[in-house]
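The following report describes a protein structure for a reader who is new to such descriptions. Please consult the sequence and the structure shown here while reading.

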Amino acid sequence: MSDRGPTIARRIEPLLAGAGTRPGLAPEEVALPQSAYAVQGPWRVVVLNDPVNSMGYVVLVFRKVFGFAEPRARRHMLEVHEQGRSVVWSGLREQAELYAFALQQWHLTAILETDEAH
Amino acid sequence: MKRIEVKLSLPVVAPLLDLMKASSDVLEAQIAAPITLDDIDADFREEWRAELLAGQQEELHALMGLFNSDFFINGVVAFDEDNAEIIVRACSALRLRLRRHDLSVLEDEQLESGGVDLETLPAALQKPFMCYVFLGTIQELIIQHLDGAILRGPVGDAEPSEDYGADADDFDSDKD
């Protein structure tokens, strides 16, 4: 079984609380230790387009999960809609997993990528 | 607490509930979105999938719970700060299921543009499509009127740092 401690959903709560109460400090702007990047490399959370979820719904999800201001959430939504995908966050693997999980809880098609995949 | 009461047309909505229930039953054991967990550690995938599924089940129970015996008396469903998020998510799960299973013959462009004429659809597709549109309408209503509540989180969470509030405290909508 996993050694990742508490359930995934429980671990997401503080993540989302941080996003929701600090809209001026979006997740991408949080400084991460360079040494961790050196070991793990950056992981990208990518949202893929789907024909079902409405634009308004996707904007709401981005605002909720990442604490994005509306213009930024809308920009990512349009990227998903027009280009089929949008990188919505990048950073350490464990946090990327939590964001991907949160997006999947909202039924968005979210995947993780690393440079190794290309 | 902000609350939306929506009065629905029973003759229109009641026939859709069987399909919603059947789709909901399938989603008891199946994640609605076409996700892959290839990048997740193998020993973590089952836990991941199980938690997504448990959340989805909770959402769908909440949605189907709106259509209880009271609904069949007055035709009213109510959304508020406590159920807005879970209902919006449930609608998404059901719409994904309907699209992949019942409406798979339709093109993505048709669904995204809204360019589907109910009258010209084959009979077998009409009910799933009506269901799909109905669930989308519920989502739109909630997002329009309760997005602030969803962004703030459940009552008792941290105070919002931004005013997302809408003006309408109460909303009645008759759908024919």
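A helix, as the word is used in this report, is a DSSP run of H or I covering at least four residues, and helices are numbered from the N terminus. The model discussed here is predicted.

## The two chains

Chain A contains five helices and three strands. From the N terminus on, its elements follow the order α-α-β-α-α-β-α-β. Chain B contains six helices and two strands, and along its sequence the pattern reads β-α-α-α-β-α-α-α. The table sets out some overall values for each chain.

| Chain | Residues | Buried residues | Share of contacts (separation of 6 or more) between residues 24 or more positions apart |
|---|---|---|---|
| Chain A | 118 residues | 41% | 74% |
| Chain B | 176 residues | 30% | 81% |

## Confidence in chain A

The mean pLDDT of chain A is 80, and 65% of its residues reach 70 or more. Residues 1-5 of chain A have a pLDDT below 50, and this stretch has five contacts in the model beyond near neighbours in sequence. The pLDDT is also below 50 over residues 20-25 of chain A, a stretch with 11 contacts in the model beyond near neighbours in sequence. Where pLDDT is low, the predicted coordinates should not be read in detail.

## The sheet of chain A

In what order do the three strands of the open sheet in chain A lie? The order is β2-β1-β3, and the pairing is antiparallel. The edge strands are β2 (85-91) and β3 (109-114) of chain A, each of which pairs on one side only. On average, neighbouring strands of this sheet are turned by 25 degrees against each other, direction ignored.

Strand β1 (residues 43-48) of chain A is joined to β3(A) by six bridges, and the two strands run antiparallel. Within this pairing, Trp43(A) has Thr114(A) in β3(A) as its bridge partner. Helix α5 (residues 93-105) of chain A packs on the sheet and touches β1, β2 and β3 of chain A. The direction of α5(A) makes about 165 degrees with that of β3(A).

## Two residues of chain A

Gln83(A) is found in helix α4 (residues 70-83) of chain A. Is Gln83(A) buried or exposed? A residue counts as exposed if 12 or fewer other C-beta atoms lie within 10 Å of its own. Gln83(A) has 9 other C-beta atoms within 10 Å, and it is therefore exposed. Gln83(A) and Ala96(A) are 13 residues apart along the chain, and their C-alpha atoms are separated by 21 Å.

His107(A) is found in the loop between α5 and β3 of chain A. A residue counts as buried if 20 or more other C-beta atoms lie within 10 Å of its own. Because His107(A) has 30 other C-beta atoms within 10 Å, it is buried. The phi angle of His107(A) is near 70 degrees, which is a positive value in a residue other than glycine.

## Strands and helices of chain B

Strand β1 (residues 3-7) of chain B has two faces: Ile4(B) and Val6(B) form the covered face, whereas Arg3(B), Glu5(B) and Lys7(B) form the uncovered one. Five bridges join β1(B) to strand β2 (residues 76-80) of chain B, and these strands run antiparallel. Lys7(B), a residue of the uncovered face, has Val76(B) in β2(B) as its bridge partner.

How is helix α1(B) placed against α4(B)? The axes of helix α1 (residues 10-26) of chain B and α4(B) come within 10 Å and cross at roughly 95 degrees. Angles of 65 to 115 degrees count as roughly perpendicular. The two helices, α1(B) and α4(B), are therefore roughly perpendicular to each other. Met20(B), Ser23(B), Ser24(B) and Val26(B) in α1(B) meet Leu94(B), Arg97(B) and Leu98(B) in α4(B). By class, this contact has four nonpolar, two polar and one charged residues.

## The contact between the chains

How many residues does each chain give to the contact? Chain B gives 34 residues and chain A gives 29 residues. On the side of chain B that touches chain A, α2 (42-65), α4 (84-102), α5 (108-113) and α6 (123-152) of chain B each supply at least two residues. By class, that side of chain B has 15 nonpolar, seven polar and 12 charged residues.

How values were computed: Residues numbered from 1 in each chain as written. Chains lettered and ligands numbered in written order. Predicted model: local features only at pLDDT ≥ 70, side-chain atom pairs only at ≥ 80, totals over all residues. Pairing = 2+ DSSP bridges. Contact = placed C-beta atoms within 7 Å. Nonpolar A, V, L, I, M, F, W, Y, C, P; charged D, E, K, R; others polar. Axes fitted to C-alpha atoms, helices over the stretch in contact; angles between N-to-C directions. Parallel < 35°, antiparallel > 145°, perpendicular 65-115°, else oblique. pLDDT = per-residue confidence, 0-100.
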